[in-house]
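Reader: Hey, I've just opened this one and don't know where to look. Can you walk me through it?

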Amino acid sequence: MAYSTSAIMWAFAFSFYFGVSKCLFTIPLKIYTGKLNVSSALDATPARLTSSSSEVNGLSLASDPTGTVNFLDMENNLLGDSGRGYYIEMSIGTPGQTLNILVDTGSSNFAVAAAPHPFITHYFNTALSSTYQSVGRTVAVRYTQGNWEGELSLDRVSIPKGPNGSMIINIAAILSSEGFFLPQVNWQGILGLAYPMLARPDSTVEPFFNSVVQQLGIPDIFSLQMCGAGLSASSTEDPAGGSFIMGGAEPTLYHGSVWYTPIIEEWYYQVEVLKLEVGDQNLDLDCREYNMDKAIVDSGTTLLRLPVNVFNAVVEAITRSSLIQDFSSGFWDGSKLACWMKGENPWTFFPKLSIYLRATNTSQSFRITILPQLYIQPVTEVDGTLDCFRFGLSSSTNGLIIGATVMEGFYVVFDRAQHRVGFALSTCAVRGGVALSEITGPFSASDVAADCSSGVLKEPLLWVISYTLMAICGVVLIVLLLLLVLPCRRRDHFGEITDESSLVRHRIK
C-alpha cells in the first residue's frame with residue numbers, strides 16, 4: 001500500500017503563490033456497469049529454533065527438516081484472493097484469540113480490529129487477554145482506500161501454521177475505522193511486512209517481521225505464493241489461497257531459478273523497473289517514467305498500478321494489438337466490466353505484458369511476463385449466460401506498484417538479509433495446463449540509464465521540502481498580517497496567530 005502525494009502538490013502551489021485500428025473481426029462483447037469491492041512487563045523469552053546448516057544462495061530452504069524452520073508446515077497457510085486480499089490465521093493474546101490477518105508488504109504496522117464493526121464477524125477483545133499491555137500512544141493510518149485509528153500496545157502472538165514459538169509484538173488495536181473493513185472480506189486486521197521507515201506513528205515502532213527475526217532467530221527472509229490467478233470470486237473451483245513462508249524459500253512452490261532484483265531503498269520494497277512491453281512492443285519511454293516517485297512490490301495492492309503516462313501508453317498499446325473492434329473506456333478506467341458469452345475465451349484477444357527489472361548484476365536485466373489470464377480478471381457471471389471481467393491495471397499518482405495482478409504469477413522472495421527481491425515461476429500459476437507467467441533473461445541493460453530511479457524525489461524528502469515551504473509561507477503570512485494590523489491596533493490588543501490549515505497528510509496506499 002503506497003503514500004499519496006496530492007497534498008504535497010497543494011503545498012508547493014501554496015508556497016509558490018505566497019512566495020512570489022480497424023480489427024479483423026468482431027467479438028461478442030458487452031459492457032456491464034458493475035460495482036466492485038476490491039479491497040516490557042511481558043515475558044518476552046522466545047522459543048529458540050535449531051540453527052540451520054542448509055543454505056542455498058544465502059537462502060534457508062525448507063527441504064531440510066533439521067533446518068531453522070520447517071517450511072512444509074507453512075504451505076497453504078494463506079486464504080483469500082487478489083480481489084479481497086490474502087490472509088493468514090494468527091493467535092493473539094493470552095489465552096489466544098484467533099483472527100485472520102491480511103498479508104501486506106506495502107505497510108509496516110500490525111493492526112487488528114479491537115472493537116465491533118458491521119463488516120467483521122469478530123475482533124480482538126483486549127480485555128480478555130491477560131498479557132495485553134497498552135503503551136499509551138495513539139496511532140492513525142490512512143490508506144488509498146480507508147483509514148483506521150487506535151492505540152499502540154504489546155501482546156503475545158503466535159501463528160499456527162508459522163514458525164514454532166510465540167513472540168511479543170507491537171500491535172495497533174483498531175478502535176475506529178472508515179472504509180477499511182469491507183463487505184465480504186474474511187480478515188480482521190492487517191500484517192505490515194515492510195521496513196520500520198513506514199511504521200506509524202514513527203519508525204521506533206518495530207514491525208512484525210523484524211520482531212520475529214529477532215525473537216525466534218529465523219533468517220531475515222520471507223516468501224509469498226499467491227494462488228488466485230484466473231479464479232473469480234464466484235468460482236466453483238477450489239478456493240484460492242497460497243503460502244507465506246517465514247525464514248526462507250520453499251523449492252517445491254516454484255519452478256526453475258529465482259531471479260533477483262536489488263532493493264533500492266528499504267522503506268517499501270522498492271525496486272528498479274527498466275522498461276515495459278505490451279506483446280512485442282516496447283513502450284519506449286524514459287525508464288525514469290516507470291520509477292516516477294517509486295516502483296514497489298506490494299501484496300496488499302490488488303492491481304498492477306502504473307504512473308499515469310505509463311498507464312495511458314499501455315492502454316494504447318493493448319488497444320492497438322488486441323482484436324477487439326470497439327471497447328468502452330469504462331473498462332480501462334475500472335468503472336465497467338467487460339462481459340462475454342459463456343464459453344467465449346477473451347484471453348486469446350489480448351497480448352502479454354512484460355516488466356524488465358534490473359538484475360543484481362546491474363549491467364543486466366531480466367523480464368517477468370504475465371499472460372492475459374492474470375490481468376483480464378474474471379469477476380462474476382450475469383444471468384448464467386455471461387462471464388464478466390475487469391481490467392487488472394489502473395493508473396497511479398504515487399508510483400508503480402507491482403500488486404497481486406503480477407504477484408499471482410510468481411513465487412516472490414523478500415530476501416531482506418541480502419537486500420533483494422526474487423521472482424520465480426509459481427507452481428500454482430497454471431490454468432488448464434497453461435502456465436500464466438514467464439521469466440526470461442539475462443538481458444543487457446546498456447540501452448537504459450545507469451540509474452532509472454535517479455532524479456526522482458522520494459516521499460520522505462518531499463515531506464521535508466513541503467514542511468519547509470509551509471514554514472516559510474507561515475512566516476511570510478505572519479509578516480503580512482502584522483503589517484496590516486500594526487497601523488490599526490494597539491500592541492496590547494494583539495492575539496495569537498495560528499495556522500490550522502495542515503496541507504500535508506500521511507496517506508498509505
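**A first look around**

Author: Sure, let's begin with helix H2, residues 208-216, which is mostly covered: seven of its nine residues are buried. Keep in mind that this is a predicted model.

Reader: Which residues in H2 are buried?

Author: They are Phe-208, Phe-209, Ser-211, Val-212, Val-213, Gln-215 and Leu-216.

Reader: And what follows H2?

Author: Gly-217 does, and its phi is positive, near 75°.

Reader: Back to Phe-208 for a sec. What does Phe-208 touch, not counting residues up to four places away in sequence?

Author: Phe-208 touches Met-90, Phe-110, Val-157, Ile-159, Met-167, Ile-169, Leu-191, Gly-192 and Leu-193. Phe-208 also belongs to the largest nonpolar core, which has 110 residues; Phe-110 and Phe-208 are the ones that touch the most other members.

Reader: Which helix gives the largest share of this core?

Author: That's helix H4, residues 308-321, with seven residues in the core. There is also a second, separate core of 20 residues, with Tyr-87, Ala-111, Phe-180 and Ile-190 among them.

Reader: Why would nonpolar side chains be buried together?

Author: As a general tendency, that is what nonpolar side chains do in soluble globular proteins.

Reader: OK, zooming out. How many helices and strands are there in the protein chain?

Author: Eight helices and 32 strands. The chain has 509 residues, and 54% of them count as buried. Its accessible surface is about 22,200 Å², with 54% of that belonging to carbon and sulfur atoms.

Reader: Let's do sheets. In what order do the five strands of the open sheet come?

Author: The order is S18-S17-S22-S23-S32, with antiparallel pairing. At the edges sit S18 (281-282) and S32 (437-444), each pairing on one side only.

Reader: What packs on the sheet?

Author: H4 does, touching S17 (273-278), S18 and S22. The direction of H4 makes about 25° with that of S17.

Reader: And over how many bridges do S22 and S23 pair?

Author: Six, in the antiparallel sense, with S22 covering residues 353-358. As an example, Leu-357 has Phe-366 in S23 as its bridge partner.

Reader: Where does Arg-367 lie?

Author: Arg-367 is in S23, which spans residues 364-370. Its side chain makes a polar contact of 2.8 Å with the side chain of Tyr-356. Setting aside neighbours within four places in sequence, Arg-367 has contacts that include Glu-277, Glu-438 and Phe-443.

Reader: New topic: S20 and S26. Do they run parallel or antiparallel?

Author: Parallel: four bridges join S20 (residues 304-307) to S26 (residues 393-396). Leu-306 has Ser-395 in S26 as its bridge partner. S20 is also joined to S27 (residues 400-402), but here the strands run antiparallel, with two bridges. There, Leu-304 stands opposite Ile-402.

Reader: One more. Why does Ser-223 count as buried?

Author: Because its relative accessibility is 0%, and buried means under 20%. Ser-223 is found in strand S12, residues 221-226.

Reader: Which side chain does a polar contact of 2.5 Å join to that of Ser-223?

Author: The side chain of Tyr-411. Beyond neighbours within four places in sequence, Ser-223 is in contact with Ser-243, Phe-244, Ile-245, Gly-248, Ala-249, Tyr-411, Val-412 and Val-413.

Technical notes: Residues numbered from 1 in each chain as written. Predicted model: local features only at pLDDT ≥ 70, side-chain atom pairs only at ≥ 80, totals over all residues. Heavy atoms only, no water. Buried < 20%, exposed > 50% of the residue type's maximum accessible area, 1.4 Å probe, protein only. Polar contact = N/O pair within 3.5 Å; in protein donor to acceptor, adjacent residues only side chain to side chain. Contact = heavy atoms within 4.5 Å. Pairing = 2+ DSSP bridges. Core = buried A, V, L, I, M, F, W, Y, C linked by side-chain atoms within 4.5 Å. Areas by Shrake-Rupley, 256 points an atom, 1.4 Å probe, with all protein chains shown as cover. Axes fitted to C-alpha atoms, helices over the stretch in contact; angles between N-to-C directions.
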